[in-house]
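Student: I have a model open and want to learn to read its surface and its core. Where do we start?

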Amino acid sequence: MQDIPITKTQIAVMSAAAGICVANIYYNQPILKDIALDFGVTESRAGIISVLAQAGYGLGLFFITPLGDKINRRKLILALQIILVLALVGTTFVQNFFWMCTFSLIMGLLSVAAQVILPLAASLDSKKRGHNVGIIFTGILVGILAARVFSGLIAEWFNWRYVYGISSGLVMISSLLLYFTLPDKQQVMFEGNYLRLLGSSLQQLRRFSLLRRTALLGGLAFGIFCSFWTTLTFHLSGEPFNYGSDVIGLFGLLAIGGALLAPLFGKLADKGSPARAQVFSVTLVLVGIVLVQIYPLSTVAFAVAVLLLDVGVQATQVTNVATIYTLDATAHSRINTAYMTSYFIGGALGTFVGIQCWQAGGWHFVTWQLLSWGIFCLAIAVWGLKEK
């Protein structure tokens, strides 16, 4: 495998591009109420937009990202980015709810460019693999979290459509930067056809018990993350808070601070203690859930819970990613596909279940659902300690 050193500029561009790309899946969360009003649908029906965006991302992870082991990753990334620009422009001018849902699915599908960038960085410079992956994954986390702040403020000042119009420009700029900075050399790791490539991605789960455990833990943790943030919008926009999309989006600032702390857990994984890091990070998630269950009408409780939940969930993912890239250097894209597909299936499922719980029993039902998922996560993390 060819070892190509990466400059700080290249890493910075890759990290920023990955964050800008993946943010498109989460812009909808603080502005679901605005979208619902625009199209004349209920809040629970508007919530399907979040589900479709995440489901599209999951489909893209399974059907598109494995191609990174078979074809030139640079060309694949740029192609996905350019088509994403067109989808974002379409979303800006969409006039009915059906097409809004359709574009949400397409945006999710194309946003997997971020998950082609990640294994590209892991494969180029083996001496700094952990460091480079950590920086790019942090860029992805910041993109996920900053999306809420950005969309909330833009929707409040202008209109929710401007969110996607501005994003199309950001994706285009990042595409140009990638075009001029990404290395164009890559050794092909897989020689078989496309169907065999997809099959090989599934085989990675059979090959590695560690991958199976981290994929299950990652999916559940991300399910908590997505369920919490989607229903939080509904809860904070109602009584007694009555917050606008700009204020709800500002809660993402606390989450960004948590994301910047998450790479510290990656260092624990590098030192050979990923299972302990997972137990600690999942415990933070549980504490945050219990806090908003006990104090459902306290802004301070939600501020603290946002920090705890996001530090815990993102730290879990950083630890998981750092761990799975130690399994097989010749199958990074396929291993990443197996893990991330499970990850985003969990996110889509968490969003769907969260919306159903909100509709059935409000915030009370939502917190019990979050708590049950959190306890399951802790059991898996403790299982990892016993395995070691």
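**Surface patch, then core**

Tutor: Start with the surface. Leu 59, Phe 63, Leu 105, Tyr 194 and Leu 195 make up a nonpolar patch there, and their accessible area together is about 460 Å². Keep in mind that this is a predicted model.

Student: Which elements give two or more residues to the nonpolar patch?

Tutor: Helix H4 (48-63) and helix H10 (194-207) do.

Student: Take Leu 59. Where is it found, and how is its exposure classed?

Tutor: Leu 59 is in helix H4. Partly exposed lies between the buried limit of 20% and the exposed limit of 50% relative accessible area. Leu 59 has 40%, so it is partly exposed.

Student: What about Leu 378: which helix holds it?

Tutor: Helix H16, residues 332-387. Leu 378 has a relative accessible area of 25%, so it too counts as partly exposed.

Student: What does Leu 378 touch, leaving out residues up to four places away in sequence?

Tutor: Val 279, Val 282, Thr 283 and Leu 286. Leu 286 is 92 residues from Leu 378 along the chain, yet their C-alpha atoms are separated by 8.5 Å.

Student: Now the interior. How many residues has the largest nonpolar core?

Tutor: It has 117 residues. Tyr 26, Trp 160, Tyr 164, Leu 178 and Met 340 have the most contacts inside it. H16 gives the most to this core, with 15 residues.

Student: Which residues does Leu 178 touch, beyond those up to four places away in sequence?

Tutor: Val 13, Met 14, Ala 17, Arg 74, Ile 77, Leu 78, Gln 81 and Ile 117.

Terms used
Residues are numbered from 1 along each chain as its sequence is written. This is a predicted model: local features need pLDDT of at least 70, side-chain atom pairs count only at pLDDT 80 or more; totals for chains, interfaces and linings use all residues. Side-chain values use heavy atoms; hydrogens and water are left out. Patches are made of residues with over 30% relative accessible area and no salt bridge: like charges are joined within 9 Å, nonpolar side chains (Val, Leu, Ile, Met, Phe, Trp, Tyr) within 5 Å. Accessible areas come from the Shrake-Rupley method with a 1.4 Å probe; for residues, only the protein chains shown count as cover. A salt bridge is a side-chain nitrogen of Lys or Arg within 4 Å of a carboxyl oxygen of Asp or Glu. Helices (H or I, at least four residues) and strands (E, at least two) are DSSP runs, numbered from the N terminus. Buried means under 20% relative accessible area, exposed over 50%, partly exposed in between (1.4 Å probe, protein chains only). Contact means heavy atoms within 4.5 Å. A nonpolar core is a set of buried Ala, Val, Leu, Ile, Met, Phe, Trp, Tyr and Cys residues joined through side-chain atoms within 4.5 Å.
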